[in-house]
Structure formats: structure tokens, C-alpha cells
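These are my notebook entries on helix packing, backbone torsions and one side chain. I set down what I looked up, entry by entry.

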Amino acid sequence: MSDTPWIPKPILQFLAEAGELFLNLKDSARFLLQGQTDWQKTLVQTAMVGFDSLGMSVLICVITGSVLALQTASKFAQTGTDFYVGGLVALAVVRELGPIFTCLSVGARAGTAIAAEIANMKVTNQVDALRVMRVNPIRYLFLPRLLACMIALPMLTIVGEVAAILGGMQVAYWVSDLHYHMYLESVWLFVKPYDIRVSLLKSLIFGIILAAISCTVGLNAKGGAREVGLSTTKAVVWIAITIIVADFFLTWIFFGTSYNG
């Protein structure tokens with residue numbers, strides 16, 4: 001660090017941790033391609049990430065779709081354009097809100113749990129014990145949780161988006177007496193297979209981000225019990241920031257000016 005006094009210490013620390021994150025991803029990809037994957041442990045982690053986060057993510061998505069319908073249904077009905085309510089809610093949910101809110105809710109629930117668990121193992125020297133037994137922590141801890149998030153997040157996103165659209169449908173019926181058939185017909189008309197594919201791809205990338213940050217922050221924990229709490233807070237903050245930034249660039253790529261529906 002003395003060779004680069006003009007670079008602030010927090011930036012150097014961030015760059016070091018970012019580099020370690022990418023190295024962990026590279027090692028995980030190598031173990032996966034070599035077939036050194038503990039699928040039983042992966043399935044257990046998938047159940048923990050997916051099932052334990054299902055209720056929270058569905059609740060948030062239902063509220064999101066309901067609020068969208070509440071804000072738009074009555075106004076559209078006044079102008080005779082209530083047919084577009086379903087399409088508007090569905091497009092907003094499928095393209096943006098569904099993947100983001102699902103992944104943020106999973107990050108708040110499962111991401112913090114992963115970071116706390118691995119940080120506790122690190123400060124109690126369990127990670128060092130794995131190395132002594134010639135067990136690679138990336139293969140044993142990082143890879144199963146990475147695959148679990150990659151499997152669970154797209155499934156949770158689909159469930160959450162369906163719940164959000166149905167929640168918006170019910171609220172639209174209550175607010176402006178919009179018939180279910182008209183609402184769903186608007187959804188089928190405006191939502192394209194391309195939108196669904198991009199939504200699943202976004203959730204897959206967000207799952208990689210969530211797992212990579214949570215595991216890396218946990219593996220970098222040092223000190224005692226206080227560091228476990230700090231690692232948990234650090235993980236959820238960086239998950240939220242990184243997912244929002246990544247969503248901006250992914251939306252720019254897939255729904256930019258060249259997108260023609």
C-alpha cells in the first residue's frame with residue numbers, strides 16, 4: 001500500500017475483495033467443470049434458499065403488483081384505457097420489479113444467513129480446519145451455495161411474478177371493476193416470451209451476485225463474534241447495491257433503443 005499512497009485505503013480494500021470474489025468464481029467454475037460438486041449439499045442449500053425465502057418474496061411481489069394496479073386502474077378507467085392495466089402491471093413486474101424485489105428479499109433472508117454462517121465458521125477456525133484436512137473451502141462451502149442460488153432464484157422469480165400479476169388483477173377488479181378476462185387478455189398481449197427469458201436471465205445473474213458476495217464476505221471475516229454481525233451487514237448492503245447497478249446495465253443491454261419487442 002505504501003507504493004500507492006494516492007489511492008485511498010477503502011478503495012484498495014474494495015478492489016482486493018472484488019478480485020478475490022472473481023477468483024472464487026473462477027475456482028468454482030473449475031471445480032464444476034471437473035465434476036467435483038457435492039450435489040447432495042447443493043440440494044440442501046437450494047431448499048434452504050428457495051423454500052425459506054418463498055413466503056417473503058411472494059408477499060413482497062404481491063404487494064408490488066397490487067400497488068401498481070391500485071395506482072393505475074382507476075386513472076386508466078377514467079380515460080377508457082383500462083384494458084392496458086394488465087399489460088402495464090405485467091410488463092413492469094416481469095421486466096424489472098419481479099427479478100429485483102425477489103432477489104433483494106432473498107438477499108435479505110438467505111444472503112445474510114449465508115454470510116453469517118460462513119463468517120462464524122471463519123472466526124471459529126472451522127475454515128482453517130477444512131484446509132488442514134485438505135478440503136478446499138471454495139468447493140465445500142462456496143460452490144454448493146452458488147449453485148443453490150442459481151437454481152432457486154429463477155424459480156422464486158417466476159412464482160413471485162405470477163403472484164404479483166394475480167395480486168394486481170384482484171386489486172384492479174376491486175378498484176375499477178376491471179373484469180379478470182380483460183386483465184389477463186392484456187397480459188397475454190403485452191408480455192412476450194423475450195421478456196420472460198430476460199427476466200429469468202436477470203434472476204440467474206442476480207443469484208450469482210448474491211451467492212458470490214455472501215460467501216466472499218463470510219470467508220474474509222476476521223476477529224471475533226462482532227465481525228460476524230459486520231459481515232452480515234456488509235453482505236446485504238453490497239448485494240443491494242450490486243444488484244441495482246447490474247439491473248441497470250442488463251436493462252440497457254436487453255431493452256435499449258435497439259429493442260423492438
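Entry 1, a side chain in a helix. I took a polar contact to be a pair of N or O atoms within 3.5 Å, where one must be able to donate a hydrogen and the other to accept it; residues adjacent in sequence count only if both atoms are side-chain atoms. The model I examined is predicted. With that criterion I looked up Asp 27, which lies in helix α1. I found that its side chain makes a polar contact with the side chain of Lys 26, at 3.4 Å. I then asked whether Asp 27 is buried or exposed. The relative accessible area of Asp 27 is 19%, and buried means under 20%, so Asp 27 counts as buried.

Entry 2, the packing of α1 on α7. I next looked up how helix α1, residues 9-33, meets helix α7, residues 193-219. The two pack at an angle of about 115°, and their axes are 10 Å apart. The range of 65 to 115 degrees counts as roughly perpendicular, and α1 and α7 are therefore assigned to that class. I noted the crossing of α1 and α7 as right-handed. On the side of α1, the contact is made by Glu 17, Glu 20, Leu 21, Asn 24 and Leu 25. From α7, I listed Ile 208, Ala 212, Ile 213, Thr 216 and Leu 219. Sorted by class, this contact of α1 with α7 holds six nonpolar, two polar and two charged residues.

Entry 3, the packing of α3 on α5. I turned to helix α3, residues 85-123, and its approach to α5. Their axes come within 7 Å and cross at roughly 145°. I recorded the crossing of α3 and α5 as right-handed. The contact of α3 with α5 divides into 17 nonpolar, three polar and three charged residues.

Entry 4, positive phi outside glycine. Which loop holds Arg 134? I located Arg 134 between α4 (126-132) and α5 (137-176). Arg 134 is not a glycine, yet I read a positive phi of about 60° for it. Its relative accessibility is 78%, so I entered Arg 134 as exposed.

I made a further entry of this kind for Asp 177, found in the loop between α5 and α6 (180-190). Asp 177 has a positive phi of about 55°, although it is not a glycine either. I entered Asp 177 as exposed because its relative accessibility is 57%, and exposed means over 50%.

Notes:
Residues are numbered from 1 along each chain as its sequence is written. This is a predicted model: local features need pLDDT of at least 70, side-chain atom pairs count only at pLDDT 80 or more; totals for chains, interfaces and linings use all residues. Side-chain values use heavy atoms; hydrogens and water are left out. Axes are lines fitted to C-alpha atoms, for helices over the stretch in contact, and angles run from 0 to 180 degrees between N-to-C directions. Angles under 35 degrees count as roughly parallel, over 145 as roughly antiparallel, 65 to 115 as roughly perpendicular and the rest as oblique. A crossing is left-handed if the near helix is turned anticlockwise from the far one by less than a right angle, and right-handed if clockwise. Contact means heavy atoms within 4.5 Å. Ala, Val, Leu, Ile, Met, Phe, Trp, Tyr, Cys and Pro count as nonpolar, Asp, Glu, Lys and Arg as charged, and the others, Gly among them, as polar. Buried means under 20% relative accessible area, exposed over 50%, partly exposed in between (1.4 Å probe, protein chains only).
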